[in-house]
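The following exercises ask the reader to locate and interpret selected local features in a structural model. Please examine the sequence and the structure before turning to the solutions.

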Amino acid sequence: MEKPEKLIIDGKRLDGRAPEEMRPLKIEAGVLKRADGSAYVELGENKVLAAVYGPREMHPRHLQRPDTAVLRCRYNMAPFSVEERKRPGPDRRSVEISKVTRQALEPVLFLELYPRSVIDIFIEVLQADAGTRTAGITAAAVALADAGIPMRDLVSSVAVGKIDDMIVLDLTKEEDQWGTTDMPVAIVPRKKLVSLLQMDGNLTEEEFKRALDLAFRGCEQIYQAQRQALKEKYAIKPEGE
Amino acid sequence: MGQSRKISSESEDSNLNSVGLVVKVKPMAEIKTGDFVVPGDFLATAEEFVPGEGAHEEDGKIYSSCTGVVLLDARTKRVSVFPRVSGPPSLKGGGTVIGRVEEVRDQTANVYIGVLKGHENRELPLPNLGTVHISQVQKGYVKDLHHQFRSGDIIRARVLSAQMGSIKLSTADDELGVVVATCSRCRTLLERENSKLKCPNCGNVEFRKLASDYRQGAL
């Protein structure tokens, strides 16, 4: 695709969204039969699956922690998830994303309840269109709740950025590629804690504040969708339905 | 009661319908028995209630730590969440487990616990090593534990108690005991002959505390 002259025309983005509008979001809990917990997230063209296993016995044994459980994350992109075939397997980028995902989710788990065990999270990106790490975190939080693992709270995550000198919510691939800045944020909704904040590009202090504020509002929408997904799957339905 | 619950679910729905423009569910809203909660939902203040199963206390407030339905006990002042998701299995007294005998000593047999009955599809968190004391092997007197268990046997046992670090098991019942055993000489599966086990390969005869359904394939 050619670089478009402008990313925002008449206050509308390339896909017709307003600057502070998110792509359509779909979250489903408990989609995988054999996983202990799982979730599927669609955010626009992003399609992400998360599976959770454990707490279970940790192998190799020398990685066990005698006092707490260990959280292990694996973020992986399918070779067919991007336009040009991606070489399968972990690379520099996915190793980094696995690490920040783990750190984004760790604060909500009661890891100390399961000494010497491990909780495994697998995030598989089936289709990518910018913002897969945030979609992955959103899916993983629902999958952890689906696995019944005790949690303090969910984690909601969304990206904000700057395109054509404007702060926008939830960038697409084109906006990520041709825009100035991309900033994924993950939030623990109840206590309003930021558990992931990365930035590619630059923002002034004023822009950063506006961007973070927008990210908080975006995460609130994600959080409500996560709740709804769990509610649809697990709330007791009134009889006759 | 049912009436009031219905009203609350309606008002909650109207909050959730406006996903685009969020009307936040008031965190201090009164919660009732039967309400659906997800992890992180406010349940009560610590002055009013004690957190039970599926709930935790943080900064003087009690929040849900699992996905399920609220249970308020006004008498014991306990607020708990009855889980609607199946959580990680936890070994408690009374549960039935399947395990592998790792080591047989004079007084005890160490058992690696594989699964808890009712949670067959889920692995156990650690610690998953149990012990069967010689007095808990069967109802009568046991002279030599090596005549009841051998390392490598698959056994079914009942959990007597599971405190931090020690899980006590018992096989003193008809349906408890060894379900699969191999010959200690040639490792072929032993076949049952009344109360004895015989090796079809080398003719070796062994003794075990057998479960009533030895080698019938059922967990």
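The exercises below treat salt bridges, single residues, backbone geometry and one chain as a whole.

**Conventions**

This is a predicted model, in which local features need pLDDT of at least 70 and side-chain atom pairs count only at pLDDT 80 or more, while totals for chains, interfaces and linings use all residues. Residues are numbered from 1 along each chain as its sequence is written, chains are lettered from A and ligands numbered from 1 in the order in which they are written, and side-chain values use heavy atoms, with hydrogens and water left out.

**Exercise 1. Determine which parts of chain A are tied together by the salt bridge between A:Arg23 and A:Asp129.**

Step 1. A salt bridge is a side-chain nitrogen of Lys or Arg within 4 Å of a carboxyl oxygen of Asp or Glu. The side chains of A:Arg23 and A:Asp129 meet this criterion, with an N to O distance of 3.0 Å.

Step 2. A:Arg23 lies in the loop between S2 and S3, and A:Asp129 in the loop between strand S7 (117–127) and helix H2 (132–146), so the pair ties together parts that are 106 residues apart in sequence. Helices (H or I, at least four residues) and strands (E, at least two) are DSSP runs, numbered from the N terminus.

Step 3. Buried denotes under 20% relative accessible area, exposed over 50%, and partly exposed in between (1.4 Å probe, protein chains only). A:Arg23 is buried because its relative accessibility is 4%, and A:Asp129 is likewise buried, at 9%.

**Exercise 2. Compare the settings of the salt bridges A:Glu83–A:Lys173 and B:Arg208–B:Asp153.**

Step 1. In the pair A:Glu83 and A:Lys173, the closest N and O atoms are 3.2 Å apart. A:Glu83 is in the loop between S6 and helix H1 (92–105) of chain A and A:Lys173 is in helix H3, so parts 90 residues apart in sequence are tied together.

Step 2. A:Glu83 is exposed, with a relative accessible area of 75%, whereas A:Lys173 is partly exposed at 26%.

Step 3. B:Arg208 and B:Asp153 meet at 2.7 Å, N to O. B:Arg208 belongs to the segment after strand S16 (205–206) of chain B and B:Asp153 to the loop between S10 and strand S11 (154–163), 55 residues apart.

Step 4. B:Arg208 is buried at 7%, and B:Asp153 is buried at 1%.

Step 5. Salt bridges that share partners also join A:Arg13, A:Asp15, A:Arg17, A:Arg23, A:Asp129, A:Asp170 and A:Glu175 into one network. Over all chains, the structure holds 33 salt bridges.

**Exercise 3. Describe the surroundings of A:Glu20 and A:Ser195.**

Step 1. A:Glu20 is located in the loop between strand S2 (12–13) and strand S3 (25–29) of chain A and is partly exposed at 43% relative accessibility.

Step 2. Contact means heavy atoms within 4.5 Å. Leaving aside neighbours within four places in sequence, A:Glu20 is in contact with A:Leu169, A:Leu214 and A:Arg217. Its side chain makes a polar contact with that of A:Arg217 at 3.0 Å. Such a contact is a pair of N or O atoms within 3.5 Å; within protein, one must be able to donate a hydrogen and the other to accept it, and residues adjacent in sequence count only if both atoms are side-chain atoms.

Step 3. A:Ser195 lies in strand S11 (residues 193–197) of chain A and is buried, at 16%. The side chain of A:Ser195 reaches the backbone oxygen of A:Ala104 at 3.0 Å. With neighbours within four places in sequence left aside, its contacts include A:Gln103, A:Pro107 and A:Val155.

**Exercise 4. Which peptide bonds are cis, and where do residues other than glycine have a positive phi?**

Step 1. Most residues other than glycine have a negative phi, and most peptide bonds are trans.

Step 2. The bond from A:His59 to A:Pro60 is cis, with omega near 0°; A:Pro60 is in the loop between strand S5 (46–57) and strand S6 (70–77) of chain A. The bond from B:Leu126 to B:Pro127 is cis, with omega near 0°.

Step 3. Phi of A:Asp170 is near 60°, and A:Asp170 is buried at 2%. B:Asn194 has a positive phi of about 55° and is exposed at 70%.

**Exercise 5. Summarise the composition of chain B.**

Step 1. Chain B has one helix and 16 strands.

Step 2. Buried residues make up 42% of its 219 residues.
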